[in-house]
Amino acid sequence: MSLKAKEVATQNGQPEASYDVIETKLTFRQYPGDRFSHESLGLSVEDVADIYRNMLLQRRFEERSAQMYGRQKIGGFLHLYIGQEAISTGSVYALKSGLDSAITAYRDHGLALALGMTSNECMAELFGRVDGCSKGKGGSMHFFSKEKGMFGGHGIVGAHIPVATGIAFAHMYKNDGGVCICYLGDGAVWQGSFHEALNLASLYKLPIVYVIENNQYAMGTAVDRASAETDLFKQCVSYAMPGSLVDGMDVFSVCQAMRDHVDMAREGQPSLVEIRTYRYRGHSMSDPGKYRTKEELEAKKNEDPILRLKSYLIQENLISNEDLDVLDMEVKAEVAASVTFADESPFPPPEAIYDHVYTQEDYPFLT
Amino acid sequence: MAELQIREAIRAAMVEEMDRDENIFLMGEEVAEYNGAYKVSEGMRDRFGDRRVLDTPISENGFAGLGLGAAMNGLRPIIEFMTWNFAFVAIDQIINNAAKIRYMSGGQFSFPIVFRGPNGAAGQLAATHNTSVEALYSCFPGLKVISVSNPDDAKGLLKSAIRDDDPVVFLESEFMYGMRGEVSEAEDYTIPIGEARIAREGDAVTIIGHNKSYWRALEAAEMLEADGYAAEVIDPRTIRPFDWDTVIASVKKTNRCVVVDESNPFASVSSEIAFQIQAQAFDYLDAPVHRITARDTPAPYAKNLMEYYLPSTEDVYRACRAVMYLD
């Protein structure tokens, strides 16, 4: 690259300064749908059945949550992940349980269940009960499980991205071989925290994968109304890290992409992955979704990642219809049991309001 | 006892703790290669290397949040802000994440982190570089807030802050980094968080002040001594949690109180102190609690206006005489 001005002769013979052109070649990876199979990924039939079961569990759990919200068992906001399940399940499959870390924004039920948190503790948290994963202190947007490497559940758009970067920093500092996946929505890309965090991760060579779950809408604002550059994966260029674009409606594409990127992270190379997906429900329960057409929604439903995997299982003769029915029944029963569990779990007692503010046990609160 | 500058006392606290615990690291703007904008971290990169003393880009929101994530995942970060004025762009990390994630996770994650740097008036830098933030951060349960006035407290309290498993906002002063004072050489010297220091005993009036305001309080007490009155001077040292017992006991003895607070007056630390005194010692008061604060304006640039803006020793002295009904 040269910025040296070249001299150009003009009509009157006087030299005139002009500019050079800088040409750069940018390359990105793309993981389209229908490219990868369970065999190409080296997944056993049991693995694929597990993946299917986990995605279905997220779907049924959230359908039931919506119902419970309607019955006022659940308060506050409820942001459903329905449609995006291939991302949580497919990416978590690349992580080492007990070593690696994951952190996301407020649409967090799917990731929690993908990481192995139980339906019981998740439903109890939605109900605001003591047996909830955050003891009734966090609610829908703030699921946490230290045991499962679930670092939240964060309600402020973009605020968790620097935190994720610090989780990865600790993995590097301790040299424990761990990796962090940071999930964020397309809306979070335009918070400064995203840009500060990616730059820091690249400077310090942190073991982290930033995953943009591009579900096309930041609440009601379409990507092209919020982003001057709608290819969000291209943000990686500014931070000198690799970037990929992935079809988020195909769990195998997600699996392959995340496996590759988690491997990079483990070698100290942070990276950015944009996974294109779609949320079938509104931003939250109060959103009628008038910013998109019924036709668009119906077309996207034809790409449903769960139905897609189910068709694959049947076409490839991996699971019988009877076994699928059994699996379906099991998942429904697990979710139904979680509602009973949550309902029977007590509300936190009033004195619990002072618990968990400080580690210091005798902190002198003003009363 | 050794005589140290406040900057040296802060450095000694960090160095001793980093020697003791491998999980502690220091991160901030210009802390490593430049040796610190105010030379607080001078020599620390040479001692601990790039792994444990890290320069950052000018991304306060980014590196404050990075510190929090590192704390969630087992480390004990010290995050330096070049001044607390620059931490306003990181305030979401401190208020929403540092103060609240432990609570929202049902106690699963804790935040053993210190955010430190100079606070309050720093000279003719105009309004954006002269903010006092102690009242602001003290608003939020989940944080602890410390503000020190001398080298001994700086060392003893910073060591405690670094060892504390809760997030601590540690407030210093650009004006005071060069201030010298005796520092205990006791091995493993720490001062408990949440304990005020009675710097001078007396029975005529209680004067409360932290950081620079402590020195205004002490100077006013010396003027009152010349008038024949013994003022009791208290340096709270920790703002959250505040040592109410020491203050209330003192006011019950002196029956009068003047609070010196370099912050803007509305909803300041002085407001809460005055409220607690009326709630807990109303019957003991012989005069309304008086306070001397910065003016209710942004900090000005002009030298004469800046002098007028800040609490002066003369203001404090006059306020004490007023609550003693001497004038």
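## Close-up views of a two-chain predicted model

**View 1. Chain B comes in two domains.** In this predicted model, the domain assignment splits chain B into domain 1 (2-183) and domain 2 (197-323). Measure from C-alpha centre to C-alpha centre and domain 1 of chain B sits 26 Å from domain 2 of chain B. Where the two meet, domain 1 of chain B puts in 31 residues and domain 2 of chain B puts in 27 residues.

**View 2. A look at the seam between the domains of chain B.** Domain 1 and domain 2 of chain B bury about 2100 Å² between them, with 53% of that coming from carbon and sulfur atoms. On the domain 1 side, Gln124(B), Ser147(B) and Ser149(B) give up the most area to domain 2, together 25% of what that side buries. Polar links are here too: 15 residue pairs are in polar contact across this seam (both at pLDDT 80 or more). The elements of domain 1 that bring two or more residues to this side are α6 (134-138), β6 (144-147), α7 (151-163) and β7 (168-172) of chain B. Of these, β6(B) gives the most, with 4 residues.

**View 3. Salt bridges in chain B.** The count between domain 1 and domain 2 of chain B is 2 salt bridges. Zoom in on Arg197(B) and Asp153(B) and you'll find their side chains paired in a salt bridge, at 3.4 Å from N to O.

**View 4. Chain A meets chain B.** Here 42 residues of chain A are in contact with 51 residues of chain B. The two chains bury about 3800 Å² between them, 61% of it on carbon and sulfur atoms. Over in chain A, Tyr173(A), Tyr358(A) and Thr359(A) lose the most area to chain B, together 19% of what that side buries. You won't spot a salt bridge between the chains, as the count is 0, but 27 residue pairs are in polar contact (both at pLDDT 80 or more). Helices α5 and α6 (192-204) of chain A each supply at least two residues to the side touching chain B, and α5(A) gives the most, with 10 residues.

**View 5. Inside the largest nonpolar core.** This core has 80 residues, and Phe169(A), Tyr210(A), Phe81(B), Trp84(B), Phe115(B) and Tyr137(B) have the most contacts inside it. Its largest share, 8 residues, comes from helix α5 (residues 160-174) of chain A. Both domain 1 (2-183) and domain 2 (197-323) of chain B add residues as well, so the core lies between them.

**View 6. Phe81(B) and its company.** Leaving out residues up to four places away in sequence, Phe81(B) touches several residues, including Phe63(B), Ile94(B), Phe115(B) and Pro118(B).

Note on methods: Residues are numbered from 1 along each chain as its sequence is written. Chains are lettered from A and ligands numbered from 1 in the order in which they are written. This is a predicted model: local features need pLDDT of at least 70, side-chain atom pairs count only at pLDDT 80 or more; totals for chains, interfaces and linings use all residues. Side-chain values use heavy atoms; hydrogens and water are left out. A nonpolar core is a set of buried Ala, Val, Leu, Ile, Met, Phe, Trp, Tyr and Cys residues joined through side-chain atoms within 4.5 Å. Buried means under 20% relative accessible area, exposed over 50%, partly exposed in between (1.4 Å probe, protein chains only). Domain bounds come from an automatic or database domain assignment. Contact means heavy atoms within 4.5 Å. Buried area is the accessible area (1.4 Å probe) that two parts lose on being put together, summed over both. A salt bridge is a side-chain nitrogen of Lys or Arg within 4 Å of a carboxyl oxygen of Asp or Glu. A polar contact is a pair of N or O atoms within 3.5 Å; within protein, one must be able to donate a hydrogen and the other to accept it, and residues adjacent in sequence count only if both atoms are side-chain atoms.
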